[in-house]
Amino acid sequence: METMQATIKKEISLEGIGLHTGSPSKLTFRPAPANTGIRFFRTDLPGHPMVPARLDFVVTTVRGTNLGLGEAKIHTVEHVLSACTGAGIDNIDVWVSAPEPPIMDGSALPFVKAILTAGIEHYPDAPKRWLHLPGEVLYQDGKAKYRAIPSDNFEIRATLIHEHPLMPEMSLTLELNREIYLREIAPARTFCFEHEVEFLKSQGLAQGGSLDNAIVIGKDRYHTNEGGLRFPDEFVRHKMLDLIGDLTLIGRPLFKMRVEAEYLGHAHNVAFAKLLREAAVKMRGKKSLEAH
Ligand SMILES: [Zn+2]
């Protein structure tokens, strides 16, 4: 396992439209100094305000994870963040020219590919600051159930349960590293149910949504672009992708725990991430006391 913090070697850009706003958006990944974490910058606003990709800056979790600091907001950050963690990036500046990063094909693949094309650079003298859990962390809210335990590897077991004939219960367990993330998780696209589409659009959401960037689950069939599903269980893989993105908001590399989650959603992901952060902070406090 890599022990030093990483950024990218040079800047690289992607362009497209935002999923919910439908506005054109250009995203540029830029190398960043050690210990700065992941930071978004709104390049379309005066002074290019910065919004840290941290739990404290989550403003809403409606159909995506949305960050804000003062007037500056960045919507739907989860796929970009998931790509950064999946590629093993600790520090990166993300310049976005709109309120939302481009949705691209609805997956994290274009973002990971961009990061890998730019190249990964390890700092010679900045060790990774892992998230260490002291023990089991549990979260439950209604049907949603999450659990994390310390582990030498990063493992996730995600279970998707929907009451829909085309969505049987799906479970997937993966031990994640850069290659497995790239192959098994990054390509999984976002999805929604056909009956939600009109409602979402009427709420001003999904304005940029189409079969170019989402799978729509109809009454008796999936609506996709001509390529069809990328995996038979693409849906549970995408939920895993989102979870990795939301957990990235803890601000530390995640690769030392096993997570199990059922009935995943952004609000639960973020609430669970807060519990993990609290548990790890408590442990740091205890360690520093023991050192005296
Ligand atoms: Zn998603």
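# Report on a predicted model: exposure, helix packing and a zinc site

M104 is partly exposed, with a relative accessible area of 25%. The structure described here is a predicted model, and every value given for it is computed.

**Two residues with positive phi**

M104 is placed in the loop between β9 (92-96) and α2. Its phi is near 55°, a positive value in a residue other than glycine. Most residues other than glycine have a negative phi. A second case is R63, which is not a glycine and yet has a positive phi of about 55°. R63 belongs to the loop between β6 (58-60) and β7 (66-69). R63 is classed as partly exposed because its relative accessible area of 35% falls between the limits of 20% and 50%.

**The packing of α2 against α3**

Two packed helices are described by the angle between their axes and the distance between the axes. Here, helix α2 (residues 109-118) packs with helix α3 (residues 178-185) at an angle of about 145°, and their axes are 10 Å apart. The crossing of these two helices is left-handed. On the α2 side the contact is formed by L109, V112 and L116, which meet R178, Y181 and L182 of α3. By class, this contact comprises five nonpolar residues, one charged residue and no polar residues.

**The zinc ion and its surroundings**

Which residues supply the protein donors of the zinc ion? They are H79 and H238, each through NE2, and D242, which is listed with two OD donors. The donors lie 2.1 to 2.6 Å from the zinc ion. Along the sequence, the donor residues follow the spacing H-x158-H-x3-D. H238 and D242 are four residues apart in helix α5 (residues 234-247), so about one helical turn separates them.

Why is the site of the zinc ion irregular? The angles among its four donor atoms run from 53 to 149°. A tetrahedral assignment would require all angles to lie between 85 and 135 degrees, and the site is therefore irregular.

Are H238 and D242 buried or exposed? H238 is buried because its relative accessibility of 1% is under 20%. D242 has a relative accessibility of 8% and also counts as buried.

T190 is in contact with two of these donor residues, H79 and H238. Leaving aside neighbours within four places in sequence, T190 is also in contact with G106, N213, A214 and I215. T190 itself is found in the loop between α3 and β15 (191-193). At 14% relative accessibility, T190 counts as buried.

**Residues in helices α1 and α6**

L81 is part of helix α1 (residues 78-87). With a relative accessible area of 1%, L81 is buried. Residues up to four places away in sequence aside, L81 touches I38, F40, A53, G245, T248 and L249.

R277 lies in helix α6 (residues 266-291). R277 is partly exposed, at a relative accessible area of 26%. Its contacts, apart from neighbours within four places in sequence, are L55, D56 and I250.

**Positions on a strand and in a loop**

P124 is located in strand β10 (residues 120-127). P124 is exposed because its relative accessible area of 73% is over 50%. Q203 is located in the loop between α4 (194-202) and β16 (215-217). Its relative accessible area is 48%, and Q203 is partly exposed.

**Separations in sequence and in space**

The table sets sequence separation beside C-alpha to C-alpha distance for pairs that include residues described above.

| Pair | Separation in sequence | C-alpha to C-alpha distance |
|---|---|---|
| L81 and F111 | 30 residues | 9.2 Å |
| P124 and A6 | 118 residues | 9.5 Å |
| Q203 and L116 | 87 residues | 36 Å |
| R277 and R63 | 214 residues | 23 Å |

The pairs link several parts of this account. L116, which is paired with Q203 at 36 Å, is one of the α2 residues that meet α3. R63, one of the residues with a positive phi, is 23 Å from R277 of helix α6.

How values were computed
Residues numbered from 1 in each chain as written. Predicted model: local features only at pLDDT ≥ 70, side-chain atom pairs only at ≥ 80, totals over all residues. Heavy atoms only, no water. Axes fitted to C-alpha atoms, helices over the stretch in contact; angles between N-to-C directions. Left-handed = near helix turned anticlockwise from the far one by under 90°. Contact = heavy atoms within 4.5 Å. Nonpolar A, V, L, I, M, F, W, Y, C, P; charged D, E, K, R; others polar. Donors = N, O, S within 2.8 Å, 3.2 Å for Na, K, Ca; no water. Tetrahedral: all angles 85-135°; square planar, octahedral: opposite > 155°, others 65-115°. Buried < 20%, exposed > 50% of the residue type's maximum accessible area, 1.4 Å probe, protein only.
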